[in-house]
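Please look through the sequence and the structure below before reading on, and keep both at hand while you follow the text.

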Amino acid sequence: MPPQPGGGDRAGAQTPHGPAQDAGDTGYSKDLKARHINMIAIGGAIGTGLFLGAGGRLASAGPALAIAYAVCGLFAFFVVKALGEMVLHRPSSGSFVSYSREFLGEKGAYVAGWMYFLNWSTTGIADITAIALYTHYWSFFTDIPQWVLALIALAVVLAINMISVKIFGELEFWFAVIKVAALVVFMGIGIVLLATQHEVGGTTPGLSQITDHGGIFPSGLMPVVIVMQGVVFAYSCVELVGVTAGETAEPHKVVPKAVNAIMWRVGFFYVGSVLLLALLLPWDQFADGESPFVTVLSKLGVPGAGDVMNLVVLTAAMSSLNSGLYSTGRILRSMAMSGSAPKFTARMNRSQVPYGGILLTSAVCVVGVGLNYVVPGKAFEIVLNIAALGIISTWCTIMLCHWVFVRRAKAGLIERPSFRLPFSPVTEWVTIAFLVGVVVLMWKDPDVGRRTVMLVPVIAAALVAGWFGVRGRVRAAAAEREVK
C-alpha cells in the first residue's frame, strides 16, 4: 500500500504542544560546530562526480554538461531548501525519515529509510572500489589486490566513525578544505590561461573551443539527457545537512546559512568549472575514467599534476564513505526505534555514536569487497546505478513530506518558519516530476540506464515483502509509545 499522508502510527506526530520529538533523537551529543556544518554542506556538493565523472560526461554531452549541472543543481537546491525548512520545524538526526514518519506515516518512513540505506550502502561499495582504484595509481600499491585495499579503506573509515561525532565533523571539515582548495587553485590557473591566451595542448583557450567544435550541443540533446542520472548522483550528499542538524547545538542559526550557501557554491564550483574546462580544451579531448582537471594540467606539462589530483579524488571518495556510514547510522537508529529496522541498529556506544546502524552499512560494504574480488572491473558500475535510484527516491520523499508539511501549516495545525521553500506547492511537484522524468529517460540508455530501471520492480517487491515482515514490530512500538 502507498503511504497515506498523515496516516499510520506516527512517532513524532503533531501534538497540541507542538511537534513531538522522535524517540531516535535521544542520546546524541551536540558536538558539531557551525564550521563543521558549513563545510559538510560544501563537501556534500563537491565529490567524485565532479573531480572524476565530469571527464566522461564532457566527452559524451559536450559543453552542454554545464547546463545539465545547472538544472540538476537548481533542483538539488530546492530539495535541500525544503529539508532545511523542516529542520527548523523540528531538528532531527532521523532527518527526512523522521519527517516521513510525521507527515506520511510509518509506511512512508519505512520506504524512505530503506531506500536511503540502499543508496548509501551501494554508494559505500562504489567508494571503497574507487579508493582501491585510485590507490593503485601509485606503483607502490600496484601489487596489492584491489579487494585488500577496499577492505583496508572500509576498516579505517569505520574506525573513525566509531570514535565520536566530533572526529567525524573534523575529518569532513578537512576533507572539504582539500576539495575546495584544489578547485580554487585549478580555477585560478584556468582563468589565467584564458586571460593570457596561453596554449593548452596546442590549442588556444577561448569561445572558439566551443564554437569551432560543434557548439554547445555537439552531439545533440539526447546525450545531455542521458547524463542527467549521473549528474543527479553527483549532488547526492546535499541532504546530509538535515542529518547533521540533530547533532549541533544551534541548528536554527547554522542550517539556514549552510543551505542558502549551497546555491552559489553549486553555481561557482560545478557550472563554473565545467564552463572553464570547455573553454580550455575541445570537449572531445576529455575522456571517461580520467579527471578532466588532470587532462588539462597534463597537457600543460605540469609535473605531478596526476599525483595531486589523484590524492584529491581519493579524498573525495573517503569523504563520501565517511558521510555514508555517518548518515545511515542515524537514519537506521530512527527506524529501529519505531520497529522498522533491526533492533541492534538502535544501539549507541559510550561516545554517543549509533554503532549498530554503522556496522550494518559496513556489512553491506563488505559485500562490495567481495565484488572487488570477483569482478574488479565491473564493481563500480554495478553499484553506482543502484545508488542513483536510492537518491532519486530520497529526494522525492523529501519533497512529498514538505508538500504535506505546507498543507498542515495552511490548515493551522503547525507554523511554518520564516526560512521557506519558495513557490510551494508548485516547486515540490515540478521537482518530483523532474526526478521521475530522469528515471524514465534512463530507459533511453540501453547499456546502463535500462538495466537500472529494470531493477525498480525488484526493489519494490523487496520493500513490500520487508514491510510485511516488520509491520508487527512497528505496531508494537507504536502501542508502547502510546502507553508512555
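The paragraphs below go from one helix to rings, cysteines and loops.

This is a predicted model, in which local features need pLDDT of at least 70 and side-chain atom pairs count only at pLDDT 80 or more, while totals for chains, interfaces and linings use all residues. Residues are numbered from 1 along each chain as its sequence is written, and side-chain values use heavy atoms, with hydrogens and water left out.

A good place to begin is helix α18, which covers residues 426–442; helices here are DSSP runs of H or I with at least four residues, and strands are runs of E with at least two, numbered from the N terminus. The expected span of a helix is 1.5 Å times one less than its number of residues, so the 17 residues of α18 should span 24 Å, and the end C-alpha atoms are indeed 24 Å apart, which agrees. To describe its surroundings we need three words: a residue is buried when its relative accessible area is under 20%, exposed when it is over 50%, and partly exposed in between, using a 1.4 Å probe and protein chains only. In α18 the buried residues are Thr427, Glu428, Thr431, Ile432, Phe434, Leu435, Val438, Val439 and Met442. Seen down the axis of α18, these buried residues fall within an arc of 155°, so they line one face of the helix, where the arc is that of the directions from the helix axis to the C-beta atoms. An α-helix has 3.6 residues a turn, so residues three or four places apart point the same way. On the other side of α18, Val426 and Val440 are exposed. Leu441 also lies in helix α18, and it counts as partly exposed because its relative accessibility is 33%.

Just ahead of this helix there is a detail of the backbone to look for. The peptide bond from Ser424 to Pro425 is cis, with omega near 5°, and Pro425 has its place in the loop between α17 (379–410) and α18.

Phe434 of α18 leads on to the aromatic residues, since Phe434 forms one aromatic cluster with Phe75, Phe77 and Phe78. A pair of aromatic rings is described by the distance of the centres and the angle of the planes. Rings of Phe, Tyr and Trp (its six-membered ring) pair if their centres lie within 6.5 Å, and planes under 30 degrees apart count as stacked, over 60 as edge-to-face and the rest as tilted. The structure holds 17 aromatic pairs. In one of them, the rings of Phe96 and Tyr116 have their centres 4.7 Å apart and their planes at 80°, so the pair is edge-to-face. This pair links distant parts of the chain, with Phe96 in helix α5 (residues 95–103) and Tyr116 in helix α6 (residues 106–135), 20 residues apart. Both Phe96 and Tyr116 are buried. Phe173 and Trp174 form an aromatic pair that is edge-to-face, at 5.0 Å centre to centre and with 90° between the planes. Phe173 counts as buried at 14% relative accessibility, whereas Trp174, at 48%, counts as partly exposed. Arg35 lies over the face of Phe173, at 4.7 Å from the ring centre; a charge sits over a ring if NZ of Lys or CZ of Arg is within 6 Å of the ring centre and within 35 degrees of the ring normal.

How many disulfides does the count come to? A disulfide is a covalent bond between the sulfur atoms of two cysteines. When the rule asks for a pair of cysteine sulfur atoms within 2.5 Å, the count comes to 0 disulfides. The sulfur of Cys72 is 13 Å from the closest cysteine sulfur, in Cys396, which is too far for a bond. Cys72 is buried, with a relative accessible area of 1%, and Cys365 is buried with a relative accessible area of 1%.

Helix α14 (residues 292–299) contains Thr295, which counts as buried because its relative accessibility is 3%. Leaving aside residues up to four places away in sequence, Thr295 touches Leu281, Gln285, Phe286 and Glu290, where contact means heavy atoms within 4.5 Å. Ser298 has its place in α14 too, and at 43% relative accessibility it counts as partly exposed.

Finally, Gln197 has a positive phi of about 60° although it is not a glycine, and it is found in the loop between α8 (165–196) and α9 (208–211).
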